[in-house]
Amino acid sequence: MPTSLRSAKRSAALIPGGPALAVACLLLLGAGVAGCDSGSKKAAQSPPARISEKQVVRQIATAANVRPGDFPPATGATLQQLANTTSPGLQLGLASASLTPGRSRIAFGLIDPKGQFVYAPSVVYIAASPGVRARGPFPAPLDSMLVAPPFRSRNAAADPATTAAVYATHVPLGDPGHYAMLVITRGPSGLLGSTAQVDVAARSPIPQVGAVAPAVATDTAASVGGNVAKLTTRIPADDMNKVSFSSVVGKRPVVLLFSTPALCQSRVCGPVTDVALSLERQYGGKVTFIHQEVYRDNQVKLGLRPPLQAFHLQTEPWLFTVDRHGRIAARLEGAFGVNEFRQAIEAALGR
């Protein structure tokens, strides 16, 4: 039976009202797709089969190299016609909720009926509706979130397969509205299709690339009176809070990561913070790394910290890299691996 686009549902939704951050519906083992798609409950509740880190690394390496020629061409075909060339079986969850017209980054995860992540070559097609000619295929290489053992926190799950990698691509989006999205994955038994609806807003208050970054003060050991428990939820504590963002922005390149390893609703804050810490060793002499927690005093009931409000953030985690002139060089939402993180740093360095 071919994949039906009629079942495409909104896979990323912001929860209105209240101070708490909304989940960007990340597909992560352990979190499954709960809250993303009502049909995913069975997969979310069934514990996934455990696989070794070596197996995960091999799968990621294969899925990191995507050849569009291995997938159906979109020339003249509607999204539904492309979906008809595939079989169903995978759940798709988006890690991107803030989309505006133009070329936009879409990150996502794939999970099988047993609740296990699927790491295989994948591409994305997009159209205004299932019956409209599709655009694509857009390669969506996997980006690893695994770091060397010395940089792994206890916040991240013990099984590396739980937060091992994320798919990401860039697609052209037109006028504001709803768009149908099809992901085709090349599995051992053939092509598998999965669908989602993406919502494009006319504009977003979140600072875009090229904008001047808000010169907001971030928390440091001094600002919390030396109480590390109020400064970071990472275990062990990270060191990316020596200086305030306001004291260095416009003077040197900065990496500004908004994440809360212990309180993260998407469960990827721990891994992306670990990635930041690992890259700090390589770039720390050229770029200032700042990790900003999400909730006041690390208590959800106290609401969001002022820096998140200044950046108009409603989901987590987020990464902004800022060049020495104080302008945003790159931004990443939801989930991002080592390669995209490194590219964001290089953008801030002007490379």
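**Exercise 1.** Is Lys242 buried or exposed in this predicted model, and which residue does Lys242 pair with in a salt bridge?

*Solution.*
- Start with the accessibility: Lys242 has a relative accessible area of 60%. The cut-off for exposed is over 50%, so Lys242 counts as exposed.
- Now look for the partner. That's Asp239, with the closest N and O atoms 3.2 Å apart.
- Check the partner too: Asp239 comes out at 33%. Buried would need under 20%, so Asp239 is partly exposed.

**Exercise 2.** Which residue forms a salt bridge with Asp70, and how do you class the accessibility of Asp70?

*Solution.*
- Arg67 is the partner, and the closest N and O atoms sit 2.9 Å apart.
- Asp70 has a relative accessible area of 29%, which makes it partly exposed.
- Arg67 reaches 57%, so Arg67 is exposed.

**Exercise 3.** Where in the chain do the two residues of the Arg234 and Asp274 pair lie, and are they buried or exposed?

*Solution.*
- First the contact itself: the two side chains form a salt bridge at 3.0 Å, N to O.
- Then place them. Arg234 lies in the loop between helix H4 (228-231) and helix H5 (245-248), while Asp274 belongs to helix H6. With their positions 40 residues apart, the pair ties together distant parts of the chain.
- Both Arg234 and Asp274 are buried.

**Exercise 4.** How many residues of H6 are buried, and what span does H6 reach?

*Solution.*
- H6 covers residues 269-283, and 13 of its 15 residues are buried. So H6 is largely enclosed by the rest of the structure.
- From first C-alpha to last, H6 reaches 20 Å, close to the expected 21 Å.

Key:
Residues numbered from 1 in each chain as written. Predicted model: local features only at pLDDT ≥ 70, side-chain atom pairs only at ≥ 80, totals over all residues. Heavy atoms only, no water. Helix = DSSP H or I, 4+ residues; strand = E, 2+ residues; numbered from the N terminus. Expected span 1.5 Å × (residues − 1). Buried < 20%, exposed > 50% of the residue type's maximum accessible area, 1.4 Å probe, protein only. Salt bridge = Lys/Arg side-chain N within 4 Å of Asp/Glu carboxyl O.
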